[in-house]
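Me: Please take a close look at a single part of this protein, the last helix, and set it within the whole chain.

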Amino acid sequence: MNDEFTLRFKLRKKEWLRCMICSDFIFNGKILRYSLPILLLVFIAGFQFFRYKNIGNAVMLLGISFFYIGAILVSFFITASKQFREYHTEEETWQLNNCGVSGKIFGEETFTAWQDIFKCEITKNCIYLYVNALLPVYLPRSSFSTEAFDFMIKKIGEESNYAARF
């Protein structure tokens with residue numbers, strides 16, 4: 001069996017944004033942290049409206065909630081677009097071998113041993129290999145052959161301190 005695989009792919013902006021949303025907001029739990037203040041404001045707005053019949057305060061609090069959501073989304077899309085333009089305009093190459101995973105993250109060559117993989121998330125379109133608690137490597141599922149995918153799952157299962165979730 002071949003123990004070294006090369007993955008070549010070029011991310012499109014749409015794929016990059018989808019990966020960023022999944023990794024930042026869903027897998028890392030930012031959506032919960034960002035939604036708590038929004039839920040609190042909506043609860044207070046509802047309380048103002050139904051308990052005190054104060055429509056002005058309720059509308060103002062809902063407006064603040066929508067402004068907060070808009071500010072988060074705008075800052076996210078600006079950051080994600082900037083990162084995409086800087087680091088993902090060319091074809092990317094990643095290597096999988098018995099020692100670990102190597103490639104470029106944010107323009108810097110990196111190597112992560114299998115036992116140092118912090119977490120692995122596998123979705124229908126993408127594989128997220130977390131090299132630390134916050135930074136994932138985005139690898140499109142389409143860039144994997146069946147053998148490369150099986151090899152990666154086997155290595156993560158055998159050597160990583162994290163059990164891969166499917």
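Reply: The description below begins with the model as a whole, turns to the helix, and closes with two loop residues.

This is a predicted model, in which local features need pLDDT of at least 70 and side-chain atom pairs count only at pLDDT 80 or more, while totals for chains, interfaces and linings use all residues. Residues are numbered from 1 along each chain as its sequence is written, and side-chain values use heavy atoms, with hydrogens and water left out.

The protein contains four helices and seven strands, where helices (H or I, at least four residues) and strands (E, at least two) are DSSP runs numbered from the N terminus. Their order from the N terminus is β-α-α-α-β-β-β-β-β-β-α. The C-alpha trace spans about 70 × 30 × 25 Å along its principal axes. The radius of gyration of the protein is 21 Å, whereas a compact globule of 166 residues would have one near 15 Å; the radius is taken over C-alpha atoms, and the globule rule is 2.2 Å times the number of residues to the power 0.38. Of the 166 residues, 39% count as buried, meaning under 20% relative accessible area, with exposed over 50% and partly exposed in between (1.4 Å probe, protein chains only). Among contacts with a separation of 6 or more, 57% join residues 24 or more positions apart, a contact being heavy atoms within 4.5 Å.

The helix in question is α4, which covers residues 146-159 and has 14 residues. From its first C-alpha to its last, α4 reaches 20 Å, close to the 20 Å expected at 1.5 Å a residue; the expected span is 1.5 Å times one less than the number of residues. Within α4, the buried residues are A148, F149, F151, M152, I153, K155 and I156. The cover over these buried residues of α4 includes the strands β1 (4-9), β2 (92-97), β5 (119-122) and β6 (126-130).

Outside α4, two residues deserve a note on their backbone. K53 has a positive phi of about 55 degrees although it is not a glycine, and K53 is found in the loop between α2 (30-52) and α3 (55-87). At 62% relative accessibility, K53 counts as exposed. F106, also a residue other than glycine, has a positive phi near 50 degrees. F106 sits in the loop between β3 (100-105) and β4 (108-113), and with a relative accessible area of 32% F106 is partly exposed.
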